[in-house]
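Colleague: Could you take a close look at one part of this model for me? I'd like to hear about the packing inside, and whatever else helps to place it.

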Amino acid sequence: MSRGIHNADKVANAPLADIVGQSQAMQEVYDLIKKVAPTYATVLIIGETGTGKELIARALHDYGKRRAGPLVAINMAAIPRELIEAELFGHERGAFTGALNRGIGRFEQAAGGTLFLDEIGDMPPEAQTRLLRVLQEGEFTTVGGRQPIKANVRIVAATHRDLRQQIRQGLFREDLFYRLNVVPIRLPPLRERLEDIPLLARHFLDRARASGLPGKQLATEALEALKGHAWPGNARELENLMRRMAALYPQEVIGADAVAAELAEAAPVAGPDGQAAPMTLEQAVERHLASFVAAHKDGMPVKELYDRVLAEVERPLLRMALSATRGNQIKAAAMLGLNRNTLRKKLRELELPVVRGA
C-alpha cells in the first residue's frame, strides 16, 4: 500500500509513513514535493489548521539536498511578537532586558539545513521587514549585533491564513509574500479527500495502539459514517477521534453507532430553524486556544499569554470599528465605548494603521 511520497533516487512508491493518502488531491501534492524537494527553492505551504503542513515541511527536508542538516521549526503564533526577532536571528548580551547572555536564533540553529516558519501569517510587521531583508541579502545580524551572519538555510513557510487578503488589509507585506511564494503547495482539507479517510483512520488507530492504547478496528458502516462528517479540524480532528475511541470503547470492532454518537457530541447545536447554530465568540476563542496549546509541543509559554490573547481579540475588534466608521476615530471610540485617547493609545500599541475614508 502506497502511503506517501518517494525520493526520485529511490524505488517508486517507497512509503513515507506519516503522510497518508491515495486521493488525486494528495497525489498532486506528492508530485509537487518530488519536484521541488531536490531544489533550493523557497516553498509556501497553504492549508487549513490540522491538515498536516508540518509533515509536508518534514518531507521537503528529508528528500532535499539539505537533509544531512537540521530541520528547525518556529511557530509564529506561539511566540510573543516582541520576541520573534530575537527568536529568529538571535541576540547579543544586553540587547534587551533579561538578555544576560548571547542567544542563538533559529537561523543559526538551522545552518546547513531547513528553517520551517510555521503560521507565517502571524508574523508582526517589523519582523516581516527584517525577514524580507534576509531573503534579499542572504545575511542577517543578531538583535543588538553589528556583524553580518550568512543565512545558510532553506526556507519553508506555512500558513492557514489567506495572505492575499492580509496584503489587502495591510497586515502582510506583498514583497515578502512573493519572496516566500516561489513554489506554493496547497494542502487539501480532509473534506476534499474523503476517499483517504479509511487509510487515515486505520493509520491513526495503529499509532494509538503503538502508544499503548488497545488495538481497534472500524466496521465498514463506521467508515461510511466518518465520510459523512464535515471535518472542520481536518486530519488532526480525525486522529483525536480515533485515539478517543481506542481509549473509551471496549469493543474490538467499532461500529457506526459509536462513531455517530461521538460525531454528534462534537457537532454544533442546531438553532430553531434546524440549521447549525453559528459558533459563539467564546467557542471560537476556545478552538483557537486549543490550536495554540497544540502548537506548543515543548510546553506552554510562561509569560504574557494573557496579554497576547487579549491583543488578538482587540485587533479585529478595533479594525472592525475603524472600518465601520471609515477611519473616524471619534466615532470609533464612541462605538466601542472608549475614550478617544484610550483608543489612540491602543492603536499605537497594536500598530494598527488608520486611514480616513477607507
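**A pocket, then the core**

Modeller: Let me start with the second largest pocket: its lining has seven nonpolar, three polar and one charged residues. Bear in mind that this is a predicted model. The pocket holds about 300 Å³ of space, and among the 11 residues that line it, Gln169, Arg319, Leu322, Ser323 and Pro353 lie nearest the centre.

Now for the packing inside. The largest nonpolar core has 29 residues, and those touching the most other members are Leu88, Phe107, Leu115, Leu117, Ile120 and Phe172. Two or more residues each come from β2 (71-75), α3 (84-89), β3 (114-118), α5 (125-137), β6 (154-159), α6 (163-168) and α7 (174-180). Of these, α5 gives the largest share, with four residues.

Ile120 is a good one to zoom in on. Setting aside neighbours within four places in sequence, Ile120 is in contact with Leu44, Met76, Leu131, Ala157, Ala158, Thr159, Leu163, Phe172 and Leu180. There's also a second, separate core, made up of 26 residues, including Ile197, Leu199, Ala201 and Leu263.

In soluble globular proteins, nonpolar side chains tend to be buried together. For a look at burial on a single helix, try α9 (residues 220-227), where Ala222, Leu223 and Leu226 are the buried residues. These three sit on the same side of α9, because the arc they cover around the axis is only 100 degrees. Thr220 and Glu221, on the other side of α9, are exposed.

Conventions
Residues numbered from 1 in each chain as written. Predicted model: local features only at pLDDT ≥ 70, side-chain atom pairs only at ≥ 80, totals over all residues. Heavy atoms only, no water. Core = buried A, V, L, I, M, F, W, Y, C linked by side-chain atoms within 4.5 Å. Buried < 20%, exposed > 50% of the residue type's maximum accessible area, 1.4 Å probe, protein only. Contact = heavy atoms within 4.5 Å. 1 Å grid on protein atoms, 1.4 Å probe; cavity = no way out; pocket = protein on both sides within 12 Å on 5 of 7 lines; lining within 4 Å. Points joined across faces, edges and corners; volume = space filled by probe spheres on them. Nonpolar A, V, L, I, M, F, W, Y, C, P; charged D, E, K, R; others polar. Arc of directions from axis to C-beta.
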